[in-house]
Amino acid sequence: MTTPGTSPMEASPPARRAVPLPLGRRWAATLVVCLGLFLLGLDLTVLNVALPSLEDDLEPGVTALHWIVDGYALVLGGTVLTTGAITDRVGRRRSFVTGLAVCGIASALGALAPAPWQVIVSRCVTGAGASFLMPATLALICHLFPEPPLRRRAIAVWTAVGGAGGLTGPVVGGWLVEQFSWRAAFWLNIPLAATAIALALWLVPESHGERTDPLDIPGALLAATGLLALVAAIIESPQLGWGSPPVLTGYGLAAALLLAFLLHEHRARHPLLPLALLRDPRVGLNAATLALMSFSLLGALFVMTLYLQGVLGHTPWQAGLHTLPLPAALAAGAAVSQPVTARADEKTAVLLGLVLVTSAFTVLATTGTTSGYGHLVVFQALAGLGAGVALSPATAAVMGAVPHHSSGLGSAINDATRQVGAALGVAVQGSVLATTYTTHARNNLIGSGLPPPVRDAAADNILIAAATLPRLPAAQRPGLADAVTDAFITGLTRTAAIAGAVVLATAVAVSWRYPAHRAGT
């Protein structure tokens, strides 16, 4: 029974903590957990460069290709809040292993799929597996390292590995496609998942949240359906149009379901997501920071990959290689965040990271038609460094503010905000880029003398324009190249300005609302 003024979460009995394992064993277990996280991040982007090969093989059509890429993120982002609460009850290692097994089985089905709809189902089921795996990772790390300094260091490793998985997906996917086929991107998951499962059963200790309150099933259903509707609407917006009836219906349904979820959580005796948690700036403000950073950086990665292929003329694998400075800088930033947080406080570290990322987008917004790859390296170095500096303490702050017995839920708050932010970032920046590019390319190509079908196709897609150039007469190539490059750079700088403004606004909010809080206190 709860006392007045005490939330059900606070009333839950504290989790029993075993005597810590030897430090070497704990770090070994952390590396196993991070292997699963790397697999999850890899799955998010590995197919982005495999689509032409898949299209040639199965002929799925534009809509099916869209869902092959986004079905994974849709299910993961829509269900992770619910699975995080389940993780605390059934066991973190059990959820981790179960998620890996589901990902492995679904990947095998995708690799063998003879039809596009089966690939879509495979990706959605993989997302369901990832939704059990992802919240378990941070919860296990918090269980392995009850000591705040060691926990912050482990979360910095988690941040670096998670970023590396998603950001190196295009490299791995590009190489696999060039060496084998799109199916290799699915087969890759099976040995990785099997290895992680075996190592987890050997090295990772089980832990439970030991929560005695019943699972909030109505809240879980409302949260899952509301987030699914929101992520689906975000994913479809660039394709169908932000003001199209299906998209507006999706946003309306998502708003109604999520409002019903908040009202239910306010009245529920045992809420899935105690709203008092979100009123704590260390949770609510840091979760918003994670979401908006994902919005900016994942959207920028999408735009940057198109720039490398469509403007600079790289193959998919080469484009992936040229994005490696970003995860490298992110890993360095995660390491730098540790002394910054120790010598100052969480607020300083998060604010410093946001300022660096804002500076990075200022650089990207000044890209010109002759800037070249060196300009992009500067952006990646600043953005990755800033992201690593900010994301590690922001994640640690959320986990530190959530009671130990609900660390799976705390991890899910981190994960849900990141996934929704990433989906929104790709959708918004992709839509702005597509609209700007098409408008300017059509204007630039007026009077070009190109056949109308060639002109229209090039104005619709920068990759089509790049593929068309070698087939044109030599005299017509410079005109088309200059027209589409100018149009694309205009779109790129606009998306960079939007992303930079979002990060700057986040920095202002952190500076104004975030309480000074020294790590470990």
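Buried means under 20% relative accessible area, exposed over 50%, and partly exposed in between (1.4 Å probe, protein chains only). The model is predicted: local features need pLDDT of at least 70, side-chain atom pairs count only at pLDDT 80 or more, and totals for chains, interfaces and linings use all residues. Residues are numbered from 1 along each chain as its sequence is written, and side-chain values use heavy atoms, with hydrogens and water left out.

**Exercise 1. Classify the ring pair of Trp27 and Phe145 and place both residues.**

Step 1. Apply the cut-offs. Rings of Phe, Tyr and Trp (its six-membered ring) pair if their centres lie within 6.5 Å; planes under 30 degrees apart count as stacked, over 60 as edge-to-face and the rest as tilted.
Step 2. The two ring centres are 4.8 Å apart and the planes stand at 50 degrees, so the Trp27–Phe145 pair is tilted.
Step 3. Locate the partners. Helices (H or I, at least four residues) and strands (E, at least two) are DSSP runs, numbered from the N terminus. Trp27 lies in helix α2 (residues 23-45), Phe145 in the loop between α6 (116-144) and α7 (148-179), so the pair ties together parts 118 residues apart in sequence.
Step 4. Check accessibility. Trp27 is partly exposed, at 22%. Phe145 is buried, at 0%.

**Exercise 2. Find the salt bridge of Arg26 and say which parts it ties together.**

Step 1. A salt bridge is a side-chain nitrogen of Lys or Arg within 4 Å of a carboxyl oxygen of Asp or Glu.
Step 2. Arg26 pairs with Glu147; their closest N and O atoms are 3.0 Å apart.
Step 3. Arg26 sits in helix α2 and Glu147 in the loop between α6 and α7, so the bridge ties together parts 121 residues apart in sequence.
Step 4. Arg26 is buried, with a relative accessible area of 6%. Glu147 is partly exposed, at 26%.

**Exercise 3. Trace the salt-bridge network around Arg442.**

Step 1. Take the total: the structure holds 4 salt bridges.
Step 2. Asp456 bridges to Arg442, with closest N and O atoms 3.4 Å apart. Asp456 belongs to helix α19 and Arg442 to helix α18, so this pair ties together parts 14 residues apart in sequence.
Step 3. Asp460 also bridges to Arg442, at 2.8 Å between the closest N and O atoms. Asp460 is in helix α19, 18 residues from Arg442 in helix α18.
Step 4. Shared partners join Arg442, Asp456 and Asp460 into one network.
Step 5. Arg442 is partly exposed, at 36%. Asp460 is partly exposed too, at 46%.

**Exercise 4. Describe the largest nonpolar core and the ring cluster with Phe488.**

Step 1. A nonpolar core is a set of buried Ala, Val, Leu, Ile, Met, Phe, Trp, Tyr and Cys residues joined through side-chain atoms within 4.5 Å.
Step 2. The largest has 52 residues; Met293, Phe361, Phe379, Tyr437 and Phe488 have the most contacts inside it. Helix α21 (477-513) is one of the elements that give two or more residues, and α21 gives the most, with 12.
Step 3. Turn to the rings. Tyr307 and Phe488 are stacked, 6.3 Å centre to centre with 20 degrees between the planes. Tyr307 lies in helix α13 and Phe488 in helix α21, so the pair ties together parts 181 residues apart in sequence.
Step 4. Both Tyr307 and Phe488 are buried. Ring pairs link Tyr307, Tyr437 and Phe488 into a cluster.
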